[in-house]
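Student: I should like to discuss how the terms used for this structure are justified. May we take them one at a time?

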Amino acid sequence: MLTIENVRMTFFPGTLNARVALDDVSLQLAPGDFVTVIGSNGAGKSTLLNVVAGTLRADSGTVRIDGRDVTRMSDHQRARYIGRVFQNPAAGTAPHMTIEENLAMALERGRRRGLRLGVTNAKRARFRQELTALEQGLETRLGDWVSLLSGGQRQALSLLMATFSEPKILLLDEHTAALDPQRAALVTRLTAEIVERFGLTTLMVTHNMDQALKLGNRLIMMHEGRIVLDLDAEAKSKMTAKGLLAEFEKVKGDALDDSLLQ
Ligand SMILES: Nc1ncnc2c1ncn2[C@@H]1O[C@H](COP(=O)(O)OP(=O)(O)OP(=O)(O)O)[C@@H](O)[C@H]1O
């Protein structure tokens with residue numbers, strides 16, 4: 001469903017500030033794969049998601065979604081294939097539009113004929129049904145401005161909006177990191193439910209080891225622009241948070257050894 005081949009991406013190439021964010025990254029996801037992505041700060045996790053979404057263009061390499069080469073497509077052209085939720089609850093929703101207007105916008109996203117934001121009764125019934133599943137009481141607040149919602153409620157709504165148009169790929173970029181533990185747990189649970197319900201192929205970046213181990217059927221660890229660990233479902237089920245930290249220490253140590261040898 002998603003194929004990333006030999007992708008390289010350097011910020012400020014050819015300058016003293018040059019920074020290799022992705023160093024020959026290849027990754028293949030089968031339909032329905034749910035891959036959690038961990039790694040130290042600056043490892044290239046967000047850049048990877050940006051290259052998949054088309055927000056950033058790779059210097060070289062290819063990105064294919066469902067067999068289609070999207071490498072040269074803009075983020076707008078890819079929007080119909082991709083749903084994305086960011087760390088900041090404010091990023092995924094329009095604050096001065098109502099809940100139902102936001103949902104109507106999400107429903108039309110990526111369609112070719114432009115925006116048809118009209119909220120019909122049929123749509124409203126669907127919105128109520130989907131919102132009820134979030135268990136946030138939002139189904140009775142369709143006319144409320146989104147700016148009135150809590151961070152957790154907004155993130156739950158963002159998740160619903162990102163998956164509404166049944167994207168081929170769901171990208172989650174530390175989408176629970178800005179929430180308090182209780183709300184983070186709720187959004188984590190909703191994530192698992194929604195991904196399973198729609199069978200979404202998902203890449204989820206997180207700094208939370210327990211979350212990375214609990215969710216999904218595969219885990220990758222990135223370090224300095226490379227994938228340094230790739231655990232399938234079985235290896236992941238046997239891994240512990242402590243074990244992951246030990247792997248972190250190992251790659252950091254190896255990187256240090258390499259730099260000392262140069
Ligand atoms: N817009 C940018 N301009 C310049 N350099 C950037 C930009 N975005 C990322 N980088 C650099 O690219 C590298 C990878 O950054 P990226 O944000 O992908 O890492 P990350 O793994 O998501 O880190 P974090 O966990 O801190 O969010 C870092 O060295 C970072 O400084």
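**Sheet, ligand shell and one alanine**

Tutor: Thr3 has Gln28 in strand 2 as its bridge partner. The model is predicted, so local features need pLDDT of at least 70 and side-chain atom pairs count only at pLDDT 80 or more, while totals for chains, interfaces and linings use all residues. Residues are numbered from 1 along each chain as its sequence is written.

Student: What makes strand 1 and strand 2 a pair?

Tutor: Two strands (E runs in DSSP of at least two residues, numbered from the N terminus) pair if DSSP finds at least two bridges between them. Strand 1 (residues 2–11) and strand 2 are joined by seven bridges in the antiparallel sense, so the definition is met.

Student: Why is one side of strand 2 and of strand 5 left without a neighbour in the sheet?

Tutor: Four strands form an open sheet in the order 2-1-4-5, with antiparallel pairing. Strand 2 and strand 5 (68–69) stand at the edges, each with a single partner strand, so one side of each has no neighbour in the sheet.

Student: Which residues are around the ligand?

Tutor: Among them are Phe11, Arg19, Lys45 and Ser46; the criterion is a C-beta atom, placed from the backbone, within 6 Å of the molecule. Helix 1 gives the largest share of this shell, three residues.

Student: Why is Ala133 called partly exposed?

Tutor: A residue is buried with 20 or more other C-beta atoms (placed from the backbone) within 10 Å of its own, exposed with 12 or fewer, and partly exposed in between. Ala133 has 14 such neighbours, so Ala133 counts as partly exposed.
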